[in-house]
Amino acid sequence: MRTLQFIAHCETAPHLHDDMAVSKQVTQLLAEKLAEYGFETLSQSGEHIAVSVEQHELPLAVSCQHQTEQGHMVCEISSYPAEEQDWLDRITEQSLLNQLAQAVETTLKSQHHFSDFKWDK
């Protein structure tokens, strides 16, 4: 799992008036833009996006939530590998996670009301 923290500047974006609006906007933005990087987003459920990649059955997910204590948004990028995964599948999974992480960061950085990006592992 990879975790990206960033700040959403609600004062510069009136449509981001509360935590739920920010989470919804981030989720919609990612659902629309990740296709540009070769990822297909599947049905959304609140703050969660299921993501797939052509020719790979690896289930990936992006979940974005607001953390009010620090004032940061947090997006978690997760995969759900099979327990009996061989070494080649693990390498493929890690590569796909890294590609998805880069796509998420690039998409969010394109928006002027998000800043201070930081990855946690």
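**Core, rings and a surface patch**

Guide: In this predicted model, the largest nonpolar core has 26 residues, of which Val26, Leu30, Val62, Val104 and Leu108 touch the most other members. Two or more residues come from each of β1 (2-8), α1 (19-33), β3 (48-53), β4 (56-67), β5 (72-79) and α2, and α2 gives the most, with seven residues.

Visitor: Why is Phe6 called buried?

Guide: The relative accessible area of Phe6 is 0%, and buried means under 20%, so Phe6 meets that condition. Phe114 is buried as well.

Visitor: What makes the pair of Phe6 and Phe114 edge-to-face?

Guide: The ring centres of Phe6 and Phe114 lie 5.2 Å apart, with 75° between the planes; because a pair needs centres within 6.5 Å and edge-to-face needs planes over 60 degrees apart, both conditions are met. Phe6 lies in strand β1 and Phe114 in strand β6 (residues 114-120), so this pair ties together parts that are 108 residues apart in sequence.

Visitor: Why is the pair of Phe6 and Phe117 called stacked?

Guide: Here the centres are 5.5 Å apart and the planes stand at 20°, and since stacked applies to planes under 30 degrees apart, the pair of Phe6 and Phe117 is stacked. Phe6, Phe114 and Phe117 form one aromatic cluster.

Visitor: How do you know that Leu88 is partly exposed?

Guide: Leu88, which lies in helix α2 (residues 87-109), has a relative accessible area of 46%; partly exposed covers values between the 20% limit for buried and the 50% limit for exposed, so Leu88 belongs there. Together with Trp87 and Ile91, Leu88 forms a nonpolar patch on the surface, with about 370 Å² of accessible area together.

Conventions. Residues are numbered from 1 along each chain as its sequence is written. This is a predicted model: local features need pLDDT of at least 70, side-chain atom pairs count only at pLDDT 80 or more; totals for chains, interfaces and linings use all residues. Side-chain values use heavy atoms; hydrogens and water are left out. Patches are made of residues with over 30% relative accessible area and no salt bridge: like charges are joined within 9 Å, nonpolar side chains (Val, Leu, Ile, Met, Phe, Trp, Tyr) within 5 Å. Accessible areas come from the Shrake-Rupley method with a 1.4 Å probe; for residues, only the protein chains shown count as cover. A salt bridge is a side-chain nitrogen of Lys or Arg within 4 Å of a carboxyl oxygen of Asp or Glu. Helices (H or I, at least four residues) and strands (E, at least two) are DSSP runs, numbered from the N terminus. Buried means under 20% relative accessible area, exposed over 50%, partly exposed in between (1.4 Å probe, protein chains only). A nonpolar core is a set of buried Ala, Val, Leu, Ile, Met, Phe, Trp, Tyr and Cys residues joined through side-chain atoms within 4.5 Å. Rings of Phe, Tyr and Trp (its six-membered ring) pair if their centres lie within 6.5 Å; planes under 30 degrees apart count as stacked, over 60 as edge-to-face and the rest as tilted.
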